[in-house]
Amino acid sequence: MSTLTTPPPQSTPAKPTSPSESCDEIDGYVGLPLGSRIANLVAILTPVVGLIVGIVYFWGNGVSWIQLALMTVMYVITGFGITIGYHRLFTHKSFSAGPVVTMALGILGSMATEGSILRWCAAHRSHHQHSDQEGDPHSPHLHDHGTGLRGIWAGFWHAHIGWIFDAPGEPLDRYVPDLIRDRRIRAISRLFPLWVAIGFVIPAILGGLANILIGEAFWTGAFLGFIWGGLVRIMVVHHITWSVNSVCHIWGSQPYRSADESRNNIFVGIFALGEGWHNNHHAFPTSARHGLEWWQFDSSWITIRTMERLGLVYNVRVPTAERKAAKLRSKGSSAAGGDDLARDAA
Ligand SMILES: [Zn+2]
Ligand SMILES: [Zn+2]
């Protein structure tokens, strides 16, 4: 039974297997370069500017169903790119998919503008390996942030956004050697800026075409599509998915033993497309299903299950009832063991 959640450290980093891998992204590196810090700042602040422009325009003109639909649809499909693609497929291998589905999920995840596949997955594997211990890139509990509300806020801020500028960055050849070996994933990761750009072009074109259908100017619709389906959507995706790192390591329930501060939070669970059942996820990292109870709404899991029934994905992994029972805090059992998973027989 293969699990690839927290690859063990390698004393000797693997060498690139082809000349094409010797790009900056794949070389092991330490420290976040100034250029990357600036790029991150632009990626975080520009969507906020987009929201302000959208609100200013809204004030005089209102917002139509076209812009709301573009934002919602783009949010859901690029959000699934992160939750189903980057997280459950590439990082945790919780199911398998053919090349077309794999590449589509990689491209959609890239359009969410949270970094390339390789960098995102390396940071997340490091999070699971260290999980609220020294080395965790975005734990709200590590640094001495002081006490009381001020300390909680400082920890929250670090886990939500601050770590993006503080983190030295994980050596990719240590954390994602399997992904580096896959030439398709390598190519998609390297073309990250292109997918980000396409994430703006698609809603702009659709917004323009929709405007023509209702007898209005193409360019007005294209501009609003760019703002709402591009910038505002990216801001929403950013802050909802980052809430998994911040909110879900501070506030919520802990039904399972997971040796960290991960929590199940119903609000993040719903809005972050199922990712807010984060205590479940830390207890069973390679499970494709995070909302393990029937009432824990997990739209990413529903989508994975639907894709499985359509024959688009396979080897979908979920924990057995016995494993779940063994890891429940209320049972007090110490035989929780690892993350053994079984094929969902249902
Ligand atoms: Zn976590
Ligand atoms: Zn994870």
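In which hand does helix H5 cross helix H10? The legends below take up that crossing first and then move on through this predicted model.

**Figure 1. Helix H5 packs against helix H10 in a right-handed crossing.** Here is the view that settles the opening question: H5 passes H10 with a right-handed sense. H5 covers residues 148–166 and H10 covers residues 218–246, and their axes lie 8 Å apart at an angle of about 135°. The two helices are therefore oblique to each other, since angles over 145 degrees would be needed for roughly antiparallel. On the H5 side, look for Phe156, Ala159, His160 and Ile161; they meet Trp242, Asn245 and Ser246 of H10. Sorted by class, this contact holds 4 nonpolar and 3 polar residues, with no charged ones.

**Figure 2. Helix H3 crosses helix H9 at roughly 70°.** This close-up joins H3 (residues 99–111) with H9 (residues 192–213), whose axes come within 7 Å. The crossing angle makes H3 roughly perpendicular to H9. Three residues of H3, namely Ile107, Ser110 and Met111, meet Phe192, Trp195, Val196, Ile198 and Gly199 of H9. The class count for this contact is 6 nonpolar and 2 polar residues, and no charged residues take part.

**Figure 3. Proline 285 is buried in a loop between two helices.** You will find proline 285 between helix H12 (278–283) and helix H13 (299–309). Why does proline 285 count as buried? Because 25 other C-beta atoms lie within 10 Å of proline 285, and 20 or more are enough for that label. Histidine 128 is a handy partner to show in this view: the C-alpha atoms of proline 285 and histidine 128 are 8.2 Å apart, although the two residues are 157 residues apart in sequence.

**Figure 4. The whole chain gives the close-ups their setting.** The protein chain has 14 helices and 4 strands, and 44% of its 346 residues are buried. Of the contacts between residues at least 6 apart in sequence, 67% join residues at least 24 apart.

**Figure 5. Two stretches have a pLDDT under 50.** Across the protein chain the average pLDDT is 85, and 83% of the residues score at least 70. Over residues 1–30, however, pLDDT stays under 50, and the model has 48 contacts beyond four places in sequence for this stretch. Residues 333–346 also have a pLDDT below 50, with 23 contacts in the model beyond near neighbours in sequence.

Technical notes:
Residues numbered from 1 in each chain as written. Chains lettered and ligands numbered in written order. Predicted model: local features only at pLDDT ≥ 70, side-chain atom pairs only at ≥ 80, totals over all residues. Axes fitted to C-alpha atoms, helices over the stretch in contact; angles between N-to-C directions. Parallel < 35°, antiparallel > 145°, perpendicular 65-115°, else oblique. Left-handed = near helix turned anticlockwise from the far one by under 90°. Contact = placed C-beta atoms within 7 Å. Nonpolar A, V, L, I, M, F, W, Y, C, P; charged D, E, K, R; others polar. Buried ≥ 20, exposed ≤ 12 C-beta atoms within 10 Å, placed from the backbone. pLDDT = per-residue confidence, 0-100.
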